[in-house]
Amino acid sequence: MPNRAERRAQAKQNRRGVPQQYDQTRGRGRSGMLDEYQLQEKSRRLQDGTDGLWKPTGGSVVENESLLTTNPDYTNPKMFKAPHSMRQWFRVASWALIALSAIAFLVVMWLPSHPMWLIATVSIVFAVGVLSLFFTAGNPKHNPNLDQNGTAV
């Protein structure tokens with residue numbers, strides 16, 4: 001039967017750190033454990049035919065050809081033209097509603113007394129403007145500002 005000091009030392013050790021059944025180091029340092037990152041790097045170096053530690057070389061960097069088919073220097077001269085359909089007019093009105101409600105919110109913020117009905121009205125107008133953008137949005141397949149992955153360029 002262990003004495004009282006041994007029992008207290010065992011209890012103190014059990015309270016600290018990782019529980020014993022999950023401790024992979026078994027009380028040792030981490031030096032003996034495998035590092036997955038180093039294993040992956042060694043595997044990659046072996047596949048490349050270079051073994052040992054990585055050492056920087058003064059070689060030139062080989063640039064790969066771009067996999068994207070879009071031109072990043074693309075400029076559309078007709079990008080900003082007057083709205084020509086009812087949907088585009090509603091989109092302009094939605095953005096105007098959002099801008100006006102943002103300005104109204106800044107004005108309401110500086111009022112000495114904040115009437116709740118005014119704050120609620122400005123918030124509702126802003127929400128209606130944002131939600132109306134979802135209904136007036138066009139087909140993303142016809143957007144010239146997106147590449148084939150749907151990323152904005």
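Start by selecting helix α2, residues 36-48. Helices here are DSSP runs of H or I with at least four residues, strands are E runs of at least two, and both are numbered from the N terminus. Helix α2 has 13 residues, and from its first C-alpha to its last it reaches 18 Å, close to the 18 Å expected at 1.5 Å a residue. That expected span is 1.5 Å times one less than the number of residues in the helix.

Before moving on, a word about what is on your screen. This is a predicted model, where local features need pLDDT of at least 70, side-chain atom pairs count only at pLDDT 80 or more, and totals for chains, interfaces and linings use all residues. Residues are numbered from 1 along each chain as its sequence is written, and side-chain values use heavy atoms, leaving out hydrogens and water.

Now colour α2 by burial. Buried means under 20% relative accessible area, exposed means over 50%, and partly exposed is in between (1.4 Å probe, protein chains only). How many of the 13 residues of α2 are buried? The number is one, so α2 lies largely in the open. Next, click on G49, which follows α2 and has a positive phi, near 90°.

Zoom out to see the whole protein. You should find four helices and zero strands, in the order α-α-α-α from the N terminus. Of the 153 residues, 8% count as buried. The protein exposes about 14200 Å², and carbon and sulfur atoms supply 61% of that area. Accessible areas come from the Shrake-Rupley method with a 1.4 Å probe, and for residues only the protein chains shown count as cover.

Select helix α3, residues 86-109, and begin at M86. M86 counts as exposed because its relative accessibility is 59%. Add W89, F90 and V92 to your selection: with M86, they make a nonpolar surface patch of about 460 Å². Patch residues have over 30% relative accessible area and no salt bridge; like charges are joined within 9 Å, and nonpolar side chains (Val, Leu, Ile, Met, Phe, Trp, Tyr) within 5 Å. A salt bridge is a side-chain nitrogen of Lys or Arg within 4 Å of a carboxyl oxygen of Asp or Glu.

Look along the whole of α3. Its 24 residues should span 34 Å at 1.5 Å a residue, and its end C-alpha atoms are 34 Å apart, which agrees. Which residues of α3 are buried? They are Q88, S94, I98, S101 and V108. Show α4 (116-136) as well, since the buried residues of α3 pack against this helix.

Three stops along α3 show some of its contacts, where contact means heavy atoms within 4.5 Å.

- **L97:** this residue is partly exposed, at 32% relative accessibility. Leaving out residues up to four places away in sequence, L97 touches V125, V128 and G129. The C-alpha atoms of L97 and V130 are 8.6 Å apart, although 33 residues separate the two along the chain.
- **S101:** this one is buried, with a relative accessible area of 4%. With residues up to four places away in sequence again not counted, S101 touches V122, V125 and F126.
- **V108:** here the relative accessibility is 6%, so V108 counts as buried. Beyond its neighbours within four places in sequence, V108 is in contact with H114, L118, I119 and V122. Its C-alpha atom is 8.7 Å from that of V122, 14 residues apart along the chain.
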